[in-house]
Amino acid sequence: MTEPLRLAKRVAALAGCSRREAELYIEGGWVRVDGVVVEEPQYRVTEDQRIELDPAASAVALEPVTLLLHKPAGAGVQEALRLLTPAAHAGSHPDARIVRRHFPHLTPLLPLPALASGLAVFSQQRGVIRRLTEDALEQEMIVEVAGDAAADALPRLCHGLAWQGRALPPIKVSWQSERRLRFALKGVAPELVPWMCEQVGLRVVAFKRIRIGRVPMAGLPEGQWRFLRRDERF
């Protein structure tokens, strides 16, 4: 019996390509071993195993990605990360194929408190990480509240509260209905929203982030994710 060989070596021989090109085919999810996609170039195979290369295969290095998740209420960062699986993808995407390398080394950005639901961002892209880390982007929140609001609730929420001795920056707050507020925060962390509401006699029942900068959550089902498109910018 011959020793098992690295899958990359078998693919290179099969496709008549370099070892690096073979690795790119494998990492891109284009190679099947006995009918099952294998994405590890170092995977060991025997001579009698069937190796298939997808006719549409492209030996192109995978680009880093950014994933947008509709985080359910109650999920912390680690629970949210566990939702990022191929099975939870919200639909087809023209710019990227779903492969395992899309899921490691994701940086959570502008994390939501566990109580909140809505748009959560996880990225491998340096530019996106820098943008969401260094720049103060507007975050739009829809907040369900209970209780009796103080007469001056809106002016105080917009520009009349101080946190730990420092005045909060001005924000935009408006009533959407009798029990629903819209917050457009910039320079204020979402986790302060419940505290802010308490200062004007309100209790937060639920709140959801529906937009970060220019990227909305529109149409993304709860518990599912999609790729940030190439034409989207925060």
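This briefing covers a small set of strands, two helices and a pocket in a predicted model. In that model, local features need pLDDT of at least 70 and side-chain atom pairs count only at pLDDT 80 or more, while totals for chains, interfaces and linings use all residues. Residues are numbered from 1 along each chain as its sequence is written, and side-chain values use heavy atoms, with hydrogens and water left out.

**Sheet**
- Strands (DSSP runs of E, at least two residues, numbered from the N terminus) form an open, antiparallel sheet of 3 in the order S3-S2-S5.
- Strand S3 (36-37) and strand S5 (51-53) are the edges, each pairing on one side only; pairing requires at least two DSSP bridges between two strands.
- Strand S2 (residues 31-33) is joined to S5 by 3 bridges, and Val 31 has Leu 53 of S5 as its bridge partner.

**Helices**
- Helices are DSSP runs of H or I with at least four residues.
- Helix H1 (residues 7-15) lies across S2 and S5, at about 60 degrees to S5; axes are lines fitted to C-alpha atoms, for helices over the stretch in contact (heavy atoms within 4.5 Å), and angles run from 0 to 180 degrees between N-to-C directions.
- In helix H2 (residues 19-27), the buried residues (under 20% relative accessible area, 1.4 Å probe, protein chains only) are Ala 22, Glu 23, Leu 24, Tyr 25, Ile 26 and Glu 27.
- These buried residues pack against strand S1 (5-6), H1, S2 and S5.
- Gly 29, just after H2, takes a positive phi of about 75 degrees.

Note on methods:
Buried means under 20% relative accessible area, exposed over 50%, partly exposed in between (1.4 Å probe, protein chains only).
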